[in-house]
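I sat down with this model to look at how its helices pack and where it leaves empty space. My entries follow in the order I made them.

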Amino acid sequence: MAEEGSTRAVLAALAANLGLAAAKFVGFLVTGSSAMLAESVHSVADTSNQGLLLVGKRTSRRRATPEHPFGYGRDRYFYAFVVAMLLFSLGSVFALYEGVRKVFGAETLTSPLVAVVILLVGIGLESFSLRTAVRNARASRGHRSWWRFIRQAKEPELPIVLLEDSGALVGLVLALGGIGLTVLTGDPVWDGAATLAIGVLLGFIAVTLIIETKSLLVGEGASAEEVRRIRESLVGDRVPRVIHLRTEYLGPEELLVAAKIAVTASLSTREVAAAIDAAEGRLRAAVPVARLVYLEPDLDRG
């Protein structure tokens, strides 16, 4: 269900941004607004990003090979990291450059009403995309706050779409405000100021995504709650305790678990094997994402 939800959210964002990129660029050509140009580049970057997220989901499903015995689950993290870098380079840096250029070389806007109409339509489309992402993320979020969900989620697509759509909505409002103030005051510097604000906003979102996706790409372990469930499930049926435990996510839906478990010295080889099999069964039932499990028995020396 989580997989289907993230795919729907990405497709909704892709459709919205594709149409918005074309409309905003037409608006820039008509009005000459730097905020509209920054928003056009922002939508182009977002459209490319959603395409990359879909590519990552597809390539991550490849079967394991001798060269990649643990599979390609981290492809999704790699493409998510590329998305964050694109958002920073194409979105934030360009918007900051264009904003500085407009502030120090202010140009008069033409036909600002066209830009206003396009931005209002854009707000409607982005609201639909964000609503789709929020609806599909609720099941994965649980009782966590939205910010905590974005920071802790192992599935990169939903947090990226949530941040991108939220940033896009705020960016559209900033662009609308910049154009509105330019029309009211007759000073095009407000358009440039709005473009700078869009650049700062995109930079914050991009840096946040870079930090989070880099952490996933390097390798993150299970959450504290998952570790607790793993330890509790391993104990029992001739396994008195867990000596030590290591976990790492190989992909959003694939957790590697390696543990040394204590067994009593009186058990036979057959009984030790049965105890390990039983512990593994309890673990997989308690934490379904634990796909790769390696358990090492050791004597319980207290």
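**Entry 1: α3 against α6**

I started with α3 and α6, which are roughly parallel to each other because angles under 35 degrees count as such. The model is a predicted one, so I keep that in mind for every entry here. The angle I looked up for helix α3 (residues 75-104) and helix α6 (residues 157-185) is roughly 15 degrees, and their axes come within 10 Å. I also noted the handedness: α3 passes α6 in a left-handed crossing.

Next I listed who touches whom. From α3 I wrote down R76, A80, V83 and L87, and across from them in α6 sit E157, I160 and E164. Sorted by class, this contact has 4 nonpolar residues, 3 charged ones and no polar ones.

**Entry 2: α4 against α6**

I stayed on α6 and turned to its packing with α4. Here the axes are 9 Å apart and the angle is about 160 degrees. That makes α4 roughly antiparallel to α6, since the cut-off is over 145 degrees. The crossing of α4 past α6 is left-handed. For the contact of α4 with α6 I noted 21 nonpolar, 5 polar and 2 charged residues.

**Entry 3: α6 against α7**

How far apart are the axes of α6 and α7? I found 8 Å, with a packing angle of about 170 degrees. α6 is therefore roughly antiparallel to α7. On the α6 side the contact includes I160, L163, G167, V170 and G171, and further along L174, A175, G178 and I179. On the α7 side I picked out W190, D191, A194, A197 and I198, among others. The class count for this contact is 14 nonpolar, 6 polar and 1 charged.

I160 is worth a margin note: I met it in the contact with α3, and again in the contact with α7.

**Entry 4: the cavity**

How many cavities of 30 Å³ or more does a search of the whole structure find? It finds 1. The space in this largest cavity is about 100 Å³. I copied out its lining: I150, R151, A153, E155, P156, P159, I160, L209, E212, T213, L216 and E220. The elements giving two or more residues to that lining are α5, α6 and α7 (189-218). α7 has the largest share, with 4 residues. By class I have 7 nonpolar, 1 polar and 4 charged residues in the lining.

Two names here were already in my notes. I160 and L209 line the cavity, and both also belong to the contact between α6 and α7.

**Entry 5: the largest pocket**

Last, I looked up the largest pocket, which holds about 640 Å³ of space. Its lining runs to 23 residues. Which of them lie nearest its centre? My list reads S140, R144, K154, E226 and Y249.

For the elements, I noted that α4 (112-141), α5 (146-152) and α8 (224-234) each give two or more residues to this lining. α8 gives the most, with 4 residues. The classes come out as 11 nonpolar, 4 polar and 8 charged.

One link to close the page: α5 is among the elements giving two or more residues to the pocket lining, and α5 is also among those giving two or more to the cavity lining.

Notes: Residues are numbered from 1 along each chain as its sequence is written. This is a predicted model: local features need pLDDT of at least 70, side-chain atom pairs count only at pLDDT 80 or more; totals for chains, interfaces and linings use all residues. Side-chain values use heavy atoms; hydrogens and water are left out. Axes are lines fitted to C-alpha atoms, for helices over the stretch in contact, and angles run from 0 to 180 degrees between N-to-C directions. Angles under 35 degrees count as roughly parallel, over 145 as roughly antiparallel, 65 to 115 as roughly perpendicular and the rest as oblique. A crossing is left-handed if the near helix is turned anticlockwise from the far one by less than a right angle, and right-handed if clockwise. Contact means heavy atoms within 4.5 Å. Ala, Val, Leu, Ile, Met, Phe, Trp, Tyr, Cys and Pro count as nonpolar, Asp, Glu, Lys and Arg as charged, and the others, Gly among them, as polar. On a 1 Å grid over the protein atoms alone, a cavity is a set of points where a 1.4 Å probe fits but cannot get out, and a pocket is an open set with protein on both sides within 12 Å along at least five of seven lines; lining residues have an atom within 4 Å of a point. Grid points are joined across faces, edges and corners, and a volume is the space filled by probe spheres set on the points.
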